[in-house]
Each structure stands twice: as structure tokens, then as C-alpha cells.
Amino acid sequence: MARNREGMVLLLDVGPLMHAMLPEVEKLCSMLIQKKLVYGKNDEVGVVVFGTEETNNELTVEVGGYDHVVVLQNIKVVDGDLVEAVQHVPRGTVNGDFLDAIIVGMDMLIKKYRETYKGKKRLCLITNALCPIKDPFEGTKEDQVSTIAEQMTAQGMKMESIVVRGRLSQDADKTIIDENDRLLNLFPKKTCTRTVYVDSPTSLLGALKTRKITPVTIFRGDLEISPKMKIKVWVYKKTQEEKFPTLKKYSDKAPRTDKFATHQIKVDYEYKSVGESSRVVPPEQRIKGYRYGPQVVPVSPDVLDAVKFKPEKGVKLLGFTDATNIPRHYYMKDVCSFIAEPGNARAILAVSAVARAMKEMNKVAILRCVWRQGQQSVVVGVLTPNVSENDKIPDSFYFNVLPFAEDLREFQFSSFSSFPASWQPNEQQQEAADYFVQMLDLAPSGKEELQPDLTPNPVLERFFHHLELKSKQPDAAVPPLDETLRKITELDLELVTEKKSAIDAFCRCFEVKENPKLKKKTRHFLRDKPSASSDEDCNGDVSDALAVNSVEMAPPVKVEKIGDLTPIQDFEAMMSRRDSPEWVGKVIKEMKDKISLLVEYSSESELYPKAVEFLVALRKGCILEQEPKEYNDFLRHLCLLCDKKGNRSFFQFLASKELTLIPKSEAVDSDVTDDEARSLFVKTKPKPED
């Protein structure tokens, strides 16, 4: 086996106290195997369960002991059968001993690989650690852990321990829990071990690192503080976005019986002349061109190479600044880790001194970085000190890329104070909104839910599950979303039930409306070859298809006038246009004309509500566009028109809706006071006839 391949043994606690969590453990293990089938198809995995009534392992036969430990699957290359094996783990009936399981797993790795294998060897223990560990024949339990850890180090093995707790049952013995935790915490001090405590199915699904990526330096060289002071550092990627695996095109033209068929697809491109479509242009007659307005500017490779910016490799300090001057939202891309050159005592001491001084003074450093020779881009970023709390781990730095001026996008939003007082939330609404936001806090008691380190990507998890299903059933449909992943992607129903009073209080204070989803238009492309059935059903010709496609693929048409179908929506769309300052005056005039027609030439009161709807939209638009005079003059004109025409019914209907003038409190440009706005209908109210 090669160095980049991994040999792994899963140690699963299947005792009675683990039965409730075993379905989630099965999901976790099957997801691990599914990812290995994509990223590490040559990796080898074995499965050991403990807590069963029966015993089946080689150590029991050879030396005795190690009861209730069963080798469910010997170490072998990952395949579909292994996925099914971990999806149906047996349920045990006795308490298991995780130290016995660790020893059995180590024995399997040692016998499988001996001393010839120099690759990765890993143990993964999943247990709740609620059952007592039996006393060894010699020494103490702590001595036994130390012996196991020494053997793991000697054999180059690593271990991950996932302790599933959740809500402890009333029967759990606190003394046993403390002792087991103490034993598990001894492993990281003696050997390379990682212990994680989880308390929910969601965190369990993300606790096991399914992919082990070997860190690779992106820079090795000097951190130049000044021309006379340089520190030898290595730079690693600290975080990186996990992306979908690369999907390749597959050809099924080769016979299935051909074992040597690669099923690869080779793509060749031909460049043809515009003037002579039949003539192929050879590579030596082609040159790159860049669009500059309506023309294309040809640029030869020599010119392109000459204009390239070629900075020298290196990391230079530009200066220090207060940490408060670099907001968190400025960070871009992935995080890098700066460490002193391993084995260089002077570099380690220098990095520690600078990091601790920066931490004490609350400073960060601004760096100019060129990671490799020939790199065309220069990276400017912020260096943050990372002071270690462990004496065995030296201090280091975290590096985050900062944006340039062209990368910044400052979106300007109008202040709430610019809106009229009637639109401002009152004290009761503000309190309800504050409580509603606090209700959605993921860390109300200091314990964070959906921690990034323990929360899997639901899109990737579902993709791998579907991929494994399609490998067995090519025609299988997309399965429903797993309940554990649903808790990540959807609102927690338990939280909604628990906080129902806060939600109801929020709904009482605000008008809540459903936001309908707009249907997306499906686009059809002529290059998509229709099937035979579609050819038979199609009665139109190509010109019809072109006409339909041109309509569907055309960009949305801008509203040019207020129509009769959706007049209010047209009015709002035209008011929001910014391609010309004349649109506001034009759309206000059109809306005035529509309202005047409804009032002046309508003798039926059924159209009055529509006229009032138009007036409300006009009032709102004039406030937003700071045109209160247009609305106030028009409303006065309407009142005088009703008085002149004797249209008292519309006047009374208008007064009942309390549509007032726009006062200065709602629009700064208005010259109407609040009293004048309220007294409009009192002044213009017609006298009753004798």
C-alpha cells in the first residue's frame, strides 16, 4: 500500500445504553465509507463492535480475555458490501469495555500491515463511555492506558474518540463517567489522539473527519520585519472550502465485457475562418484577442508576457495597526497559519515574542505576500497573533486576506430616521422584535448549537448518499432529506413550539403576510436535441420554436406606462426606475389622470375603493420620492372637484378612509403642518342643503 492510503478500524459500542444512538452511528459510518469510495477508493477499513453477548476476535483465542468484542468485518478495501455492513450493526446486550476494543483494533492493524506499511493507520472509537472498565491483571487502569498509548506511538497509529452523551439518563453513575473521561483524556497527553464530546445527532454526524487531508505548505521562507530582521516561517492552509467531487464525462460506447476500456471522452476543438467557414485555422495562425468596445484588439504572446506583473517571492511587513481597525467582515478567502520553521529554536522564539507583544498591545500586522515565484497577484492581508495555551505547542499567527479598493462594495441604505413617524415602530413593536431576534439565538446559554467544527454540509452529505444509492439502483429517485440533516436546513419545530408565545406576540404587533413564490420560466435551447416522442407530438415548425425561445429568453421588459391589469405594480416599478429623472414626474402625472377619470366620470360607488387604492399608492410614492407637494395639491384639487360636481358620496368615502395631506412630520419638504393635514376635510366639507 502507498503512503497516501489509509488503514482504519471502526470501534463501535453497541451496548444497551447505546441503542438509542446506533441509528445515527450507522449513518455516520456509512457516510464515511461512501466518501472513501469517492476520495480514497484504495483505503482499507475494518469494523469491531463491543458490548455483544458473543465474542469473536483473534486475541481471545491466542491469549484469552477480551470478552464481548466481535470483529464484524476484517480490514479490506472499501466497497459497497462494507457500506451495507455498517448500516446494519448488531445490538448488544451487555456492557462493553472500550479499552479491550482499542487493543483488538490495534492488533488487527499490526497483523495486517506489520512493519512494511508506512502509510496512515487510524482507530476510530465511538462510545458513550457510561459503562465501567474492568481492572487489568497487573497495574492500574492508568498504567494500561499509558502502555496502549506507547504502542500506538511506536506503530505510528492515531485515534479519534467520539463520546456520545446527550442527556444523561438517571441511572448513569457519575463516578464511572468521571473515571472514563479521565482515562480518555490521558490518550491525547501520551499519543496522537483527538477526543470529541457530542450531545446531538447533528453534531455526531459532523464529529468524524471523513477526509484526512495532508497539510502542504504554500510558502517557506522569510517573514521580513525589516531589511535587517527576518524570521524563518512556514505557511499552511488552515481552512478550505469543501467542494463537490469532480464529475467526469463517461462513454458507454465500449462493450461492457471489455476490461481494458477507459470509457474516457476526448474533446477536440477546431477553429474556422469567418470568411471561409470550411477552412480550418491552424494554431500558428491564431492569436488571442481582447474586446475593447466594439472592436477586438489582438495581443501576441510576447506582448502579453511583457505586460504581466511579475513580483518577487516573499512576505514583507507593511506595518502594525490596532485590531479594532480591521473589522471581521473584511476577511476574504481561506485562513492561513504562519508557524516558525520546525526545529529552528531561534525562529520559534522570535515568532513567540512578536505574537505575545502583539497580543498584549492588541495589535495586528499588515503583510504583503507573494507565495511563489512567478505568481502574478500580490496578496495583502492581516496577521493575527495566536498565543498557545499548551506548553508543547509553540505560538503562531493566523493570516486573513484583506480586500483592495476594487473588492469593496459599499451598499448605501437609507436610515430609518428618514421615514415618516407613522412608519417608525412604537415601543411595544420594538420590544417584540428584539425578543423575537433573541429567541433565535443559537447560543442562549453559552453553548453554541450547529458549531462549524461539528456541523456537516447537508448538500454534500445528501449528494454522497444519493451517489451510493445510484451505484446500486441506476434508476433510483432522489431520496427524501434525512431527518438529521433537516434540522440543519429547516427551522427546528421544537424551538417553534417552545417559543410560540414570542412568535404570537410578534405577529400581533406586526401585519404578517405570506410572500408568494414567483414561478421561474423554463428555458428551452435549440441545441437540446428533442427525443423521438417529442418529434411526433410537435406540430409547429422551427420558426415557431425560435419565436417562443426568443420570448422566453428575452430580458424582462421595463414598464413604460401604467396599465389596466396591474396598475399599482406598474406605478411602483416606474417609480423605482433610475435611468432618467423624468420618470418620477411622468408616473405621478399618469396616476393622477387615472384617479381623476375614476372620480370624475364614474357614477357608481363600486369604483371608489379602487380610486382610494390608487391614492394610497400615490401618497406612499410621493413620500418616498420626496414629492409631497404633488400629492397635496392633487388631493386639494380632488376635494374642490367633488365640491364643484356635487359628488358628495366620494367625498364622504374619502373622509371615512382618513386620507390626509402629507404633513412635514412625514416628509421634510412638505409645507403642511399636522393640524392643517387633519383639517382638510373639515374646511372643504360641503354644507348640507335645507
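The following exchange concerns the cores, the cavity and one arginine of a predicted model.

Reader: Which helix gives the most residues to the largest nonpolar core, and how many does it give?

Author: The largest nonpolar core has 38 residues, of which Phe571, Ile595, Leu615, Leu618 and Tyr631 touch the most other members. At least two residues of this core come from each of α17 (567–575), α18 (582–600), α19 (608–624), α20 (628–645) and α21 (648–656). The most is given by α19, with nine residues.

Reader: Which residues does phenylalanine 571 touch, not counting those up to four places away in sequence?

Author: Phenylalanine 571 is among the core residues that touch the most other members. With residues up to four places away in sequence left out, its contacts are Ile562, Val587, Met591, Ala617, Leu618 and Gly621.

Reader: How do the residues lining the largest cavity divide into nonpolar, polar and charged?

Author: The largest cavity holds about 50 Å³ of space. Its lining consists of Leu223, Ile225, Leu317, Phe320, Val354, Met358, Ala365, Leu367, Leu383 and Phe397. At least two lining residues are supplied by each of β7 (217–226), β11 (314–322), α9 (345–361) and β13 (363–370). The division is no charged, no polar and 10 nonpolar.

Reader: Is arginine 678 buried or exposed?

Author: Arginine 678 lies in helix α22 (residues 674–678). Its C-alpha is 9.1 Å from that of proline 663, and the two are 15 residues apart in sequence. Because a relative accessible area over 50% counts as exposed, the value of 55% places arginine 678 in the class exposed.

Key
Residues are numbered from 1 along each chain as its sequence is written. This is a predicted model: local features need pLDDT of at least 70, side-chain atom pairs count only at pLDDT 80 or more; totals for chains, interfaces and linings use all residues. Side-chain values use heavy atoms; hydrogens and water are left out. Helices (H or I, at least four residues) and strands (E, at least two) are DSSP runs, numbered from the N terminus. Buried means under 20% relative accessible area, exposed over 50%, partly exposed in between (1.4 Å probe, protein chains only). On a 1 Å grid over the protein atoms alone, a cavity is a set of points where a 1.4 Å probe fits but cannot get out, and a pocket is an open set with protein on both sides within 12 Å along at least five of seven lines; lining residues have an atom within 4 Å of a point. Grid points are joined across faces, edges and corners, and a volume is the space filled by probe spheres set on the points. Ala, Val, Leu, Ile, Met, Phe, Trp, Tyr, Cys and Pro count as nonpolar, Asp, Glu, Lys and Arg as charged, and the others, Gly among them, as polar. A nonpolar core is a set of buried Ala, Val, Leu, Ile, Met, Phe, Trp, Tyr and Cys residues joined through side-chain atoms within 4.5 Å. Contact means heavy atoms within 4.5 Å.
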